[in-house]
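Student: Please take one salt bridge in this model and look at it closely. Then work outward from there, so that I can see what surrounds it.

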Amino acid sequence: MQIKVNPTRIELRNSKTRLKSMVAGHKLLKDKLDEMVRKFLAISNKTLQFRREVELDLSNSQKNFALARAIGGGPNIDSALCMPSKSISIEVATQSIMGVEVPVISQSTSNNTTELPYSLSSTPVELDDAIIKFYDLLEKLLQLAEAEKTIALLAEEMQKTRRRVNALEYVQIPNLKQTISYIQMKLDENDRATLARLMKVKETIE
């Protein structure tokens, strides 16, 4: 769609300057989008494999815990776990990937040992295995949450960037090129009309 402008040489110059800026901006955005897609695919593939590993570990831990409840009795297991031996703090910072602020999740515990919060003599060994595996899983779960949130934020930014690239490529740049052609055509018509008048004046004088 042609932009409505006055067909003047100043407007032609300004339009060509805007077109040059749009073309350069389109290239930068296209390069950014390509790099974001590359990083997105790399993180997604790595996260997909990591998620499968975490889900398998979590399934095994839950099986051990279910077995411990079956052997030791649900109320006894609940009583043994009612007083945890450590507390965990979660901190969330950010880092920039291609201009997108993504989370960096870290944890700290009040007790770095794997001391279990109950008497070993009164609980089945399956519970020990389950609790230790759950401790190990926590860090992996936080890493998985960080990676999947990063993927979601990158996907959102990719959609925004793709819309901007498409708007420039299929709407704004073609419209501005059409406007430049219109201005140039009008200026050429004016030049031909002026030349015709000058020739007529010259013939009249002669």
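**A salt bridge and its surroundings**

Tutor: Lys32 and Glu157 form a salt bridge, in which the closest N and O atoms are 3.6 Å apart. This pair links distant parts of the chain, since Lys32 belongs to helix 1 and Glu157 to helix 3, with their places 125 residues apart in the sequence. Keep in mind throughout that the model is predicted.

Consider how much of each partner is accessible. Lys32 has a relative accessibility of 23%, so it counts as partly exposed. Glu157 is at 19%, and because buried means under 20%, Glu157 is classed as buried. As a general point, side chains of opposite charge can pair when their charged atoms come close.

Other salt bridges can be found in the structure, which holds 11 of them. Glu35, Arg38 and Lys39 are joined into one network by salt bridges that share partners. Asp34 and Lys30 also meet through their side chains, at 3.5 Å from N to O. These two residues are 4 apart in helix 1, which means that about one helical turn separates them. Asp34 is partly exposed, with a relative accessible area of 41%, and Lys30 is partly exposed as well, at 33%. Arg18 has a salt bridge with Glu11, and there the closest N and O atoms are 3.3 Å apart. Arg18 is partly exposed at 37%, whereas Glu11 counts as buried at 18%.

Now go back to Lys32 and look for a residue of helix 3 that touches it. Thr161, which has its place in helix 3, is in contact with Leu29, Lys32, Leu33 and Met36, once neighbours within four places in sequence are left aside. Thr161 has a relative accessibility of 0%, so it counts as buried.

Leu29 can be followed in the other direction. Not counting residues up to four places away, Leu29 touches Thr161, Arg164, Val165 and Leu168. Two of those names return with His26, a residue of helix 1 (residues 9–72). Its contacts, again without neighbours within four places, are Val165, Leu168, Glu169 and Ile173. His26 is buried because its relative accessible area, 16%, is under 20%.

Leu29, Val165, Leu168 and Ile173 are among the members of the largest nonpolar core, which has 11 residues. The others are Val5, Leu12, Leu19, Leu176, Ile180, Ile183 and Leu187. Helix 1 and helix 3 (125–205) are the elements that give two or more residues to this core. Helix 3 supplies the largest share, 7 residues. Another core lies apart from this one; it has 9 residues, including Ile97, Val102, Leu154 and Met158. In soluble globular proteins, nonpolar side chains tend to be buried together.

Further along helix 1 is Ala68, which is buried because its relative accessible area is 0%. Ala68 and Glu126 are 58 residues apart in sequence, yet their C-alpha atoms are 5.1 Å apart in space.

The strands complete the picture. Strand 1 (residues 88–97) runs antiparallel to strand 2 (residues 100–109), and 10 bridges join them. Ile88 stands opposite Thr109 of strand 2. The two strands form a hairpin with 2 residues between them, and Met98 in the turn has a positive phi of about 55 degrees. In a regular strand the side chains alternate between the two faces of the sheet.

Finally, place all of this in the whole chain. Its secondary structure comes to 3 helices and 2 strands, and the pattern along the sequence is α-α-β-β-α. Of the 206 residues, 26% are buried. The chain exposes about 13700 Å², with 57% of that supplied by carbon and sulfur atoms. Among contacts between residues at least 6 apart in sequence, 77% join residues at least 24 apart. The pair you began with, Lys32 in helix 1 and Glu157 in helix 3, links parts that are distant along the chain.

Note on methods
Residues are numbered from 1 along each chain as its sequence is written. This is a predicted model: local features need pLDDT of at least 70, side-chain atom pairs count only at pLDDT 80 or more; totals for chains, interfaces and linings use all residues. Side-chain values use heavy atoms; hydrogens and water are left out. Buried means under 20% relative accessible area, exposed over 50%, partly exposed in between (1.4 Å probe, protein chains only). Contact means heavy atoms within 4.5 Å. Two strands pair if DSSP finds at least two bridges between them. A nonpolar core is a set of buried Ala, Val, Leu, Ile, Met, Phe, Trp, Tyr and Cys residues joined through side-chain atoms within 4.5 Å. Accessible areas come from the Shrake-Rupley method with a 1.4 Å probe; for residues, only the protein chains shown count as cover. A salt bridge is a side-chain nitrogen of Lys or Arg within 4 Å of a carboxyl oxygen of Asp or Glu.
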